[in-house]
Amino acid sequence: METTGGKRRKITEWLLEQIRAGTLREGERIPSEYDLAEQFQVNKMTANSAVEELAVLGYLERRSRGGGTVVRPHVSRFKGTIAVFMGGVSVSYYSSLLCGIQEGAQAYGYNTLLYYALVNSDPGETAQFLKMGGVSGAIIANFFHLSNPGVPTLWIDKNRIPVVEGEFNHLMHNDFRGGEMLAAHLCDLGHRNIIYITQYPNILSRRFDGFRGELEKRSLRLLAKESYFHSGLLPSEFLRRLLKRFPEATAIACDGDNVAFEFYWSLKDMGIRVPEDLSLTGFSGFPEVQRLIKLTTVDEHPHRIGFYAAELLVAILEKRVQEPVHELFEVEFINGATTAPPRTAGLPFVPQG
């Protein structure tokens, strides 16, 4: 016996065929839900559910005051739709990433839909949603892992998803190389007493692995590795305690520009000059940070990786590349104004507290 989901899917697939073939044109009303129910021998609730699904996916537009449901303008020009799931704390990074994805998708004839959360906060329901039809593929950025998404899916992750060869399509920043470049820069300046600050202590970090690996190549070791966000302290208090424990520190390497930005102003308030007394680095290349302090960092170029992610997923959808795909996206070292050769004497004072 055919399920309600199967009946609904027949209606959505038929409507999509009519739209893509141009039989239902942009702005044109689709058959009423009563007509669809009669045509497919289903009840009106099933027909309504099918129409609502395509409205949520961006193919149809429900109009008020008797306007009915019409084909959304411009949608018939697209070959398909890419669902984009992303979540993160940096508004500028993720907005730039999304712009890149949208531009890349549109350049190859695909529409995009953004989701900032799982469907009902459930990975299983999200996978089922993707399988229901209307979505050609999905891009997931720094968010979650679906074991069986049902459509071709590409993950862009920055630090969180371990790469398991053969399991899924994966595009990641070469953060390992970024960590190497930052460590090499500080070492070349003469720093030997470096503290590394991480945001996520329980998550494997390619940034840190690259940083530590470069030090080991030079027979050097970190002075300390500490976690900031899980300390429960304000940045000023965190830094006072840190520098009281390690007054010999000459550089702090942060694995995020957001942390480095907070530290920069806290150090300034403490009377510690950056970079004269203490060098400071970040990671990611947030433009809002660069406009204010010209931070030494690694730029991950979110717009460029977003465009390339869309380009890569389209190639998968159109069978021009074979799955699984595992690619590295190169990052760029930015030599800013927050690093300099180490001081010859100690800090101006040992912070109290």
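**Helix α7, its surroundings and the central sheet**

At a relative accessibility of 74%, R221 counts as exposed, where exposed denotes over 50% relative accessible area, buried under 20% and partly exposed the range in between (1.4 Å probe, protein chains only). The structure is a predicted model, in which local features need pLDDT of at least 70 and side-chain atom pairs count only at pLDDT 80 or more, whereas totals for chains, interfaces and linings use all residues. Residues are numbered from 1 along each chain as its sequence is written, and side-chain values use heavy atoms, with hydrogens and water left out.

R221 lies in the loop that runs between α7 and β9, helices (H or I, at least four residues) and strands (E, at least two) being DSSP runs numbered from the N terminus. When residues up to four places away in sequence are not counted, R221 touches R192 and L215, contact being defined as heavy atoms within 4.5 Å. The C-alpha atoms of R221 and I195 are 9.9 Å apart in space, with a separation of 26 residues in sequence.

Helix α7 comprises twelve residues (206-217), for which a span of 16 Å is expected at 1.5 Å a residue, and its end C-alpha atoms are in agreement at 16 Å apart; the expected span is 1.5 Å times one less than the number of residues. At the N-terminal end of α7, S205 acts as a cap, with a side-chain oxygen 3.3 Å from the backbone nitrogen of R207. Just after the helix, S219 adopts a positive phi of about 60°. Within α7, the buried residues are R206, R207, F208, G210, F211, G213, E214 and L215, and the buried residues of this helix pack against β6 (153-157), β7 (169-173), α6 (175-189), β8 (194-198), β9 (224-227) and β10 (251-254).

An open sheet of six strands, with parallel pairing, follows the order β4-β3-β5-β6-β7-β13; two strands pair if DSSP finds at least two bridges between them. Its edge strands, β4 (110-115) and β13 (326-329), each pair on one side only. Four bridges join β7 and β13 in the parallel sense, and F329 in β13 is the bridge partner of H173.

The largest nonpolar core contains 51 residues, and those with the most contacts inside it are I82, L97, I197, I252 and F263; such a core is a set of buried Ala, Val, Leu, Ile, Met, Phe, Trp, Tyr and Cys residues joined through side-chain atoms within 4.5 Å. Helix α11 (residues 302-317) supplies the largest share of this core, eight residues.

Notes
A polar contact is a pair of N or O atoms within 3.5 Å; within protein, one must be able to donate a hydrogen and the other to accept it, and residues adjacent in sequence count only if both atoms are side-chain atoms.
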